[in-house]
Amino acid sequence: MLALRGRFIAQFGVPRWTILHGQSMGGHVTIASLELHPEVYQGALIECGIVDGVGLVDWLYAYTAAAEYLSGVRLLDAPDRQAFSALVNGPWLGALGTPGSYTERGRRFDSVVKHLMASCRSASRACGSATS
């Protein structure tokens with residue numbers, strides 16, 4: 001975003017305002033830009049973006065990385081949502097089990113999720129988790 005702004009300034013001069021716009025992942029980029037460089041921007045319009053900032057994306061990645069590590073199922077390499085869902089509903093569930101009947105690895109994962117969530121008691125109660 002800063003490079004694009006710099007290019008604009010080089011070609012047209014310094015703008016009176018710099019207002020960002022982003023949709024979907026662009027909304028996340030917009031929020032991240034506002035968080036990291038608030039002195040540069042005067043506003044933003046975000047449509048359907050990840051508005052919890054970088055922390056939410058980091059949390060989701062940590063959750064998925066833990067799920068992959070403890071299950072042995074290569075979730076992060078899934079090429080698309082359909083392949084990811086097939087992995088989760090197949091070999092991942094087989095490796096970790098379901099709430100109330102976790103395997104040993106499933107209990108470890110539940111413990112990790114408790115620490116990631118801080119406010120939730122188990123993976124079975126984690127909002128949006130693959131085990132809920």
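**Close-up 1. Phe8 and Phe12 lie about one helical turn apart in helix H1 (residues 2-12), a separation of 4 residues.** In this predicted model, a search of the whole structure yields 3 aromatic pairs. One of them joins Phe8 and Phe12, with ring centres at 4.9 Å and an angle of 40° between the planes. This geometry makes the pair tilted, because the angle falls neither under 30 degrees nor over 60. Phe8 is partly exposed, its relative accessible area being 40%. Phe12 reaches 60% relative accessibility and is therefore classed as exposed, the cut-off being over 50%.

**Close-up 2. Trp92 and Phe109 form an edge-to-face pair.** The ring centres of Trp92 and Phe109 are 5.6 Å apart and the planes meet at 90°. Trp92 belongs to helix H4 (residues 81-96) and Phe109 to helix H5 (residues 104-117); with these positions 17 residues apart, the pair links distant parts of the chain. Trp92 has a relative accessible area of 1% and so counts as buried, for which the value must be under 20%. Phe109 is likewise buried, with a relative accessible area of 1%.

**Close-up 3. Tyr63 joins Trp92 and Phe109 in one aromatic cluster.** Within this cluster, the rings of Trp92 and Phe109 are arranged edge-to-face. Both Trp92 and Phe109 are buried.

**Close-up 4. Arg16 places its charged end over the ring of Trp17.** The distance from the charged end of Arg16 to the centre of the Trp17 ring is 4.5 Å.

Conventions: Residues numbered from 1 in each chain as written. Predicted model: local features only at pLDDT ≥ 70, side-chain atom pairs only at ≥ 80, totals over all residues. Heavy atoms only, no water. Phe/Tyr/Trp six-rings, centres within 6.5 Å; stacked < 30°, edge-to-face > 60°. Helix = DSSP H or I, 4+ residues; strand = E, 2+ residues; numbered from the N terminus. Buried < 20%, exposed > 50% of the residue type's maximum accessible area, 1.4 Å probe, protein only. Lys NZ or Arg CZ within 6 Å of the ring centre and 35° of its normal.
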